[in-house]
2 protein chains.
Amino acid sequence: MTTTTAGATTTAGVKIVALAGGIGGARFLRGLQAVAPQAEITVIGNTGDDIELFGLQISPDLDTVMYTLGNGIHEEQGWGRRDETFVVKEELASYGVQPQWFGLGDRDIATHIVRTQMRNAGYPLSQVTAALCARWNPGVNLLPMTDDRVETHVEIEDEGGRRFIHFQEWWIKFRASTPALRIVPINAESAKPAPGVIDAIKNADVILFPPSNPVVSIGTILAIPGIKRALLASQAPLVGVSPIVGGSPVRGMADACLASIDVQSSAWGVAQHYGARPHGGLLHGWLVDDIDKDCALDGLRVLARPLIMRDLESSKDIAAAALELARSLS
Amino acid sequence: MTTTTAGATTTAGVKIVALAGGIGGARFLRGLQAVAPQAEITVIGNTGDDIELFGLQISPDLDTVMYTLGNGIHEEQGWGRRDETFVVKEELASYGVQPQWFGLGDRDIATHIVRTQMRNAGYPLSQVTAALCARWNPGVNLLPMTDDRVETHVEIEDEGGRRFIHFQEWWIKFRASTPALRIVPINAESAKPAPGVIDAIKNADVILFPPSNPVVSIGTILAIPGIKRALLASQAPLVGVSPIVGGSPVRGMADACLASIDVQSSAWGVAQHYGARPHGGLLHGWLVDDIDKDCALDGLRVLARPLIMRDLESSKDIAAAALELARSLS
């Protein structure tokens, strides 16, 4: 990257790798594309949120990234398709089929039908994702973290006793209101990174953690053996964007997840969780909101900017700041 | 059955078995229910039209009967759901997924999702059908002819050479315009009647062939080993309703199917195909349209009435005539 006289960043040919969850990651990536239109961006997407419902294989985070970057997303909602209808869901409810808490839209269902059919025909998720992206042209190389089945489950305790439920049930049905005693990415320990994931990290010029959930998005990706090691082995600057602004998550209920691993819900807490590179951690740089500008961690270069993503402009500013911080670390 | 002074038929407790295909059969059955509300009606439905598309297991004829008798049918069209939408189908087309000739509505898809999920969980089609009917309350005992997979395929010859295609492709995509060289219910010879089918025939007081397609609906059901034998062993009057009126099918393209087995497309031709009971055939009685009143076959009692099903009233008249004919044969 070079800085032009106007202060803009030239990113032609620059290889950027970003780990990403759903909405927050996708919106950040849209800003990143806008400020680095000539960069080669590889997105390693979380698949721990994947769930099979009604026999359909659903990859919520991959779809959110694909729809957002492919201009098919429901803008206000942040997930699901624009102009969505819910006829199939209504009909399934008329049959009394459970569960009914998952917002399965008709347009979205077509994606799951294609995915399920290809998966059942033997195609790995990475090839299915590429096939789906052939329609959406997200402009990034979207890779699932793994082709293996990994499902994030949450241990809760309520009148039903102590038990594990799927992350989606905890997140959507319970709205994360029941404390997570543990959050476990089932099968992560025996999963392999999807084809291209490790190579993308090895070849990266810049590595970014968007403001995705540190536990169930970034954390799940890091739980796939080999990914964290590859990140630590890379010489590329690794810059994270804090998902916590002034003690509250930018969006979602990241605080409920952080509590389960005893991490303070603050820009500082998350940075300490990821760790500073000189001390064996992942981060070289940490982008925080202006309100958190006093966040300091030994060995970590911190930059403070407004981090609330209101629209494409604010997403662009945040992405530009992340690249600026990365450049200062090169 | 007894005839009251007013000429109406008392059918309380009378056990009626009807073999049925799709639209024609379903409309006849609705008339039958209306004129024999206290009868116990068992419908043995054709499943040779079943097809798996996009990983969804579709049973068009069973669904047409279920939706029609359950008051969910698209009345004018005769198949599919009322107030149907086609969002999923449009989206699948946007993915470029084939085939696109099958009219897969959103409401209908919910039925297929439930069926597919139950089938994949190990439930036989008969139990799945019962589960679906628990919502629709069709008022009949709807049984698939078999729980085994039987698919009607059609041999055609065109620029693509001589080849077999699924019946649905021939019927919907080709509109039966390419001559059927052969129509083969694949796997019928090794299929078993679904639970309840043979017992229903054994216990029947009246057996009816609605004006369904003699080849790909009734013919396919008769191809399941054991069903024809049970019908022939029954002492109950077996009355058929001609699907051909004045040389033309009441609906559909039955003539194209009849041509494939060298049966004349006429009330007489179809009656001869089924055969008269005294000569080893299936029929005791044959209900034809007024225009075909001269249809005569040795050993067969023929009754002529208007057979065009325009509405519920005409369907009721036809069903009442079929029961009248059956009663005269008892």
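## A loop residue to start with

Thr178(B) sits in the loop between α6 (167-173) and β10 of chain B. This is a predicted model, so everything below describes a prediction. Is Thr178(B) buried, exposed or partly exposed? Thr178(B) has 16 other C-beta atoms within 10 Å, so it counts as partly exposed, because the buried class begins at 20 and the exposed class ends at 12.

Now look for what lies beside this loop. Setting aside neighbours within four places in sequence, Thr178(B) is in contact with Ile156(B) and Asp158(B). Thr178(B) and Asp158(B) are 20 residues apart in sequence, yet their C-alpha atoms are 7.6 Å apart in space.

## A sheet of three strands

Strand β8 of chain B covers residues 151-158, and it takes part in an open sheet of 3 strands with the order β9-β8-β10. The pairing in this sheet is antiparallel. On average, neighbouring strands here are turned by 30° against each other, direction ignored. Strands of a sheet pair through backbone hydrogen bonds, in either a parallel or an antiparallel way.

Why do β9 (161-166) and β10 (182-186) of chain B each have one side without a neighbour in the sheet? Both stand at the edges and have a single partner strand, so one side of each is left free of a sheet neighbour. Between β8(B) and β9(B) you can trace 6 bridges. One pair to find on screen is Glu155(B) with its bridge partner in β9(B), Phe164(B).

## Another loop in chain B

His279(B) belongs to the loop between α11 (267-274) and β15 (285-288) of chain B. With 12 C-beta neighbours inside 10 Å, His279(B) counts as exposed.

Which residues does His279(B) contact, leaving aside those within four places in sequence? They are Asp298(B) and Gly299(B). Gly299(B) is 20 residues from His279(B) along the chain, and their C-alpha atoms are separated by 7.3 Å.

## Helix α1 in each chain

In chain B, helix α1 runs over residues 23-35. At 1.5 Å a residue, its 13 residues should span 18 Å, and the end C-alpha atoms are 19 Å apart, which agrees. Of those 13 residues, 12 are buried, so α1(B) is largely enclosed by the rest of the structure. The buried residues include Ile23(B), Phe28(B), Leu32(B) and Val35(B), and also Arg27(B) and Arg30(B).

You can repeat the check in chain A. There, α1 covers residues 23-35, with an expected span of 18 Å and end C-alpha atoms 19 Å apart, which agrees. α1(A) is mostly covered, with 12 of its 13 residues buried. Among them are Gly24(A), Leu29(A) and Gln33(A).

## The nonpolar core

How many residues make up the largest nonpolar core? It has 210 residues, and those with the most contacts inside it are Ala322(A) and Ala322(B). Not counting residues up to four places away in sequence, Ala322(B) touches Leu208(B), Val239(B), Val241(B) and Leu287(B).

## Where the chains touch

The contact between the chains takes 20 residues from chain A and 20 residues from chain B. On the chain A side, α3 (87-94) and α4 (106-120) each supply at least two residues. Which element gives the most to this side? That is α4(A), with 9 residues. By type, the chain A side divides into 10 nonpolar, 6 polar and 4 charged residues.

Notes:
Residues are numbered from 1 along each chain as its sequence is written. Chains are lettered from A and ligands numbered from 1 in the order in which they are written. This is a predicted model: local features need pLDDT of at least 70, side-chain atom pairs count only at pLDDT 80 or more; totals for chains, interfaces and linings use all residues. Two residues are in contact if their C-beta atoms, placed from the backbone, lie within 7 Å. Helices (H or I, at least four residues) and strands (E, at least two) are DSSP runs, numbered from the N terminus. Ala, Val, Leu, Ile, Met, Phe, Trp, Tyr, Cys and Pro count as nonpolar, Asp, Glu, Lys and Arg as charged, and the others, Gly among them, as polar. The expected span of a helix is 1.5 Å times one less than its number of residues. Two strands pair if DSSP finds at least two bridges between them. Axes are lines fitted to C-alpha atoms, for helices over the stretch in contact, and angles run from 0 to 180 degrees between N-to-C directions. A nonpolar core is a set of buried Ala, Val, Leu, Ile, Met, Phe, Trp, Tyr and Cys residues joined through C-beta atoms within 7 Å.
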